[in-house]
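Q: Please give a close look at one part of this model, the surroundings of its second ligand, and then go on from there to whatever else deserves a careful description. A long, connected answer would suit me well.

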Amino acid sequence: MAQVVAMRSIQSLFSCPTSGSVQERVEKLKPSSFASKVLARNDKKSFNVVFRSSHITARKSAPELIPVSPEDDSKLRGVQQFGDTSVAMWSKPTVRRKTKIVCTIGPSNNTREMIWKLAEAGMNVARLNMSHGDHASHQKVIDLVKEYNGQAKDNVIAIMLDTKGPEVRSGDLPQPITLETGQEFTFTIRRGVGTSDCLSVNYDDFVNDVEVGDMLLVDGGMMSLVVKSKTEDSVKCEVVDGGELKSRRHLNVRGKSATLPSITGCDADIHVIVKIESADSIPNLHSIITASDGAMVARGDLGAELPIEEVPLLQEEIIRIFHSMGKAVIVATNMLESMIVHPMPTRAEVSDIAIAVREGADAIMLSGETAHGKFPLKAVKVMHTVALRTEATISGGELPPNLGQVFKNHMSEMFAYHATMMSNTLGTSTVVFTRSGFMAILLSHYRPSGTIIAFTDEKRIQQRLALYQGVCPVYMEFLDDSEETF
Ligand SMILES: Nc1ncnc2c1ncn2[C@@H]1O[C@H](COP(=O)(O)OP(=O)(O)O)[C@@H](O)[C@H]1O
Ligand SMILES: C=C(OP(=O)(O)O)C(=O)O
C-alpha cells in the first residue's frame, strides 16, 4: 500500500513574516538586550510545552517536533522567522530539519546516556565503523539504539554499519608514536609489528602496489612519507610531513587506487550505501549507482587519491548524479573537525555544512567529532542549527530533471510529483502510507518544501527512512481496510 496525502501543517507558535532585507535580518540576529532576553526566556517556556505535547496521528495535523535541546529553542524561533522563503498560499511548511545527521559512535558516546542525548540533539543515524572497536562493543551500541527506538514514538534512529571494506590501514600501536620530518620509517606486511620505526599494514599486496618515489598519505595527508626502497615484505620511507601516528590509520598512495578486493555479494535484506572513496570509482559512478541504494562521499580518502581541489567538485557531482537517480547521498568527513578539540566550529566548517545542505545531500556526517571528540553533543547541535538555518533559505519547487525516468513506475512518479506540487502550493506537509518505503523515498526525491510524514507498518522500514531528506518516518499498524487505516 502506498498512499499520498497532502496535509496542512500546524503553524504552532511560529509567526511567518516575509523575508525582510539583509539589514533587517542582521538587526534581528544581534544579541538581545536585557529586556528582550527576559521575554525570550518566558517565551521559551510556552514554546517547549507546545512542542513536547504534540503527537503524531494519522488524522491529526503534523506535529512540530524538532530534535533540539531546550536552549536552542529561542534561536530556532529566529531561524524560522528569517527563513521564510515559502511560496505557499496558506502557510509556511514545517520547520523540522530535513537534512539528516549521521553520528559515528565511539568511545566518546557509546553509553546509554550519550545515545539518548545524541538522539534528542538531532542524531538520525548511528554509524558504527567496523574498522574500530570489537563486535561486542558494536553489539552493545546496536542494542542501545534498539532500546531507544523502542521507547521513542516518532524519533527513530537508523543504524549504519560501515564495514571493514577494501581499505589500507596501518596496524595497532601500544601508544601513539611521533614521526619526525626526515626520519626513516618502515611499513611491513608482516603482522603484529608496532615499534617506533616499523609498523604493520593490513594489506598483503601493499609492497607490490607502491613504487619508489610514491607519496604515502596517512589519514588523507595529515602526515606523509615518500617511498625510498622496497624489500619482499617491507616498504622503507622517509617522513616528509611528520606528526603523531596512532593505531589503525588510513594509508593512501597519492594519486593511486589500491587493487583491493571488494565485497561481491550480499544476501541480507539491508540497504547498501557505497562509499565513494577511490579515484577508480569516479568513472564507474553510473554502474555503482545501479548496484546501490545510496552513496557516501568519503572526502577523506577521495582527497588522498585525487587532488584535493577536486573534492568539492566531486561532492557536488556525486550529490547531483545520485539524487537525479533517486538515491540517497551522505556527505562525510571533517565537517566539524575542529570541534574534536574545540567547543566552537570554524566559520569555514559552518560554510561546509551549509554547502552540503544547499547541494541537496540527504545526510551530513560526523566522524571523530562524535566518536572520540570532546564535544559530541555540541557538534550535533551545531550541525542541526546550521542545517536548519540553511534549509530555511532554500525555496522548494525545483523538480529533478529526469521526471518519469528514474523509478520506472510512472503512476507512482505522477502521484509523487503532483503531491509535491500540491503541498508546495498549499504550504503543507505530505502524508504517505507505505509498506516498503518506496513511496516515501520517491517523495523525498522530489524535495517538497514541507515534511514528508511517512507512516509504515514495518519497524525496519521506519528505521531505514530515517536517512532520507525530509522524511519523518512513523510506525503504525495498518488495518486490512485502508479506509479504516487512514
Ligand atoms: N568503535 C570505535 N572504537 C574506538 N574508536 C573509534 C570507534 N569508532 C571511531 N573511533 C575513533 O574515532 C575516529 C574517527 O572515526 P572514523 O572517521 O569513523 O574513523 P577513521 O577515520 O579511522 O576511518 C577513529 O579514527 C577512531 O579513533
Ligand atoms: C568516510 C571516510 O572513511 P573513514 O571514516 O573510514 O575514514 C573518508 O575517507 O572520508
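How far is an oxygen atom of ligand 2 from an N or O atom in the side chain of Arg169?

A: The model is a predicted one, and in it the separation between an oxygen atom of ligand 2 and an N or O atom in the side chain of Arg169 is 3.4 Å. That falls inside the 3.5 Å limit within which a pair of N or O atoms is taken as a polar contact. His250 offers another such pair, since an N or O atom of its side chain is 2.7 Å from an oxygen atom of ligand 2. With Arg299 the approach is made by the backbone, where an N or O atom lies 3.2 Å from an oxygen atom of the ligand. The protein buries 90% of the 290 Å² that ligand 2 exposes when it is taken alone. Two or more residues of the surrounding shell come from each of the elements β3 (125-129), β14 (294-298) and α8 (299-305), and α8, with three residues, gives the most.

The shell around ligand 2 can also be read residue by residue. It contains Arg127, Asn129, Glu167, Arg169, His250 and Lys275, together with Met296, Ala298, Arg299, Gly300, Asp301 and Thr333. Sorted by class, these residues comprise six that are charged, four that are polar and two that are nonpolar.

Arg169 leads on to ligand 1, because a polar atom of its side chain lies 2.5 Å from an oxygen atom of that ligand. Arg127 likewise places a polar side-chain atom 2.8 Å from an oxygen atom of ligand 1, while for Asn129 the distance from an N or O atom of the side chain to a ligand oxygen is 2.7 Å. Taken alone, ligand 1 exposes 520 Å², of which the protein buries 81%. There are 16 residues around ligand 1, and those that come nearest are Arg127, Asn129, His132, Arg169 and Arg249. By class, this shell divides into 10 polar, three charged and three nonpolar residues, and both β3 and α11 (368-371) supply at least two residues to it.

Arg127 has a further partner within the protein. Its side chain makes a polar contact of 2.7 Å with the side chain of Asp162, a residue of strand β4 (residues 158-162). Asp162 has a relative accessibility of 8% and therefore counts as buried, the limit being 20%.

Beyond the ligands, aromatic side chains give a second theme. The structure holds six aromatic pairs. One of them joins Phe433 and Phe455, whose rings are stacked, with 5.2 Å from centre to centre and 20° between the planes. Phe433 belongs to strand β17 (residues 428-434) and Phe455 to strand β18 (residues 452-456), so this pair ties together parts that are 22 residues apart in sequence. Phe433 counts as buried, with a relative accessibility of 2%, and Phe455 counts as buried at 3%. Elsewhere, one aromatic cluster is formed by Phe185, Phe187 and Phe206.

Charged side chains also lie over aromatic rings. Arg112 is placed over the face of Trp116, at 4.2 Å from the ring centre, and Lys459 lies over the face of Tyr475, at 4.2 Å from the centre of that ring.

Two loop residues complete the description. Glu180 sits in the loop that connects β5 (177-179) with β6 (184-188), where its relative accessible area of 49% makes it partly exposed. Although 58 residues separate Glu180 from Glu238 in sequence, their C-alpha atoms are 9.4 Å apart in space. Ser395 is found in the loop between α12 (376-391) and α13 (410-426), and with a relative accessible area of 41% Ser395 is partly exposed. Its C-alpha atom is separated by 9.6 Å from that of Pro448, a residue 53 positions away along the chain.

How values were computed. Residues are numbered from 1 along each chain as its sequence is written. Chains are lettered from A and ligands numbered from 1 in the order in which they are written. This is a predicted model: local features need pLDDT of at least 70, side-chain atom pairs count only at pLDDT 80 or more; totals for chains, interfaces and linings use all residues. Side-chain values use heavy atoms; hydrogens and water are left out. A residue is near a molecule or strand if one of its heavy atoms lies within 4 Å of it. A polar contact is a pair of N or O atoms within 3.5 Å; within protein, one must be able to donate a hydrogen and the other to accept it, and residues adjacent in sequence count only if both atoms are side-chain atoms. Accessible areas come from the Shrake-Rupley method with a 1.4 Å probe; for residues, only the protein chains shown count as cover. Helices (H or I, at least four residues) and strands (E, at least two) are DSSP runs, numbered from the N terminus. Ala, Val, Leu, Ile, Met, Phe, Trp, Tyr, Cys and Pro count as nonpolar, Asp, Glu, Lys and Arg as charged, and the others, Gly among them, as polar. Buried means under 20% relative accessible area, exposed over 50%, partly exposed in between (1.4 Å probe, protein chains only). Rings of Phe, Tyr and Trp (its six-membered ring) pair if their centres lie within 6.5 Å; planes under 30 degrees apart count as stacked, over 60 as edge-to-face and the rest as tilted. A charge sits over a ring if NZ of Lys or CZ of Arg is within 6 Å of the ring centre and within 35 degrees of the ring normal.
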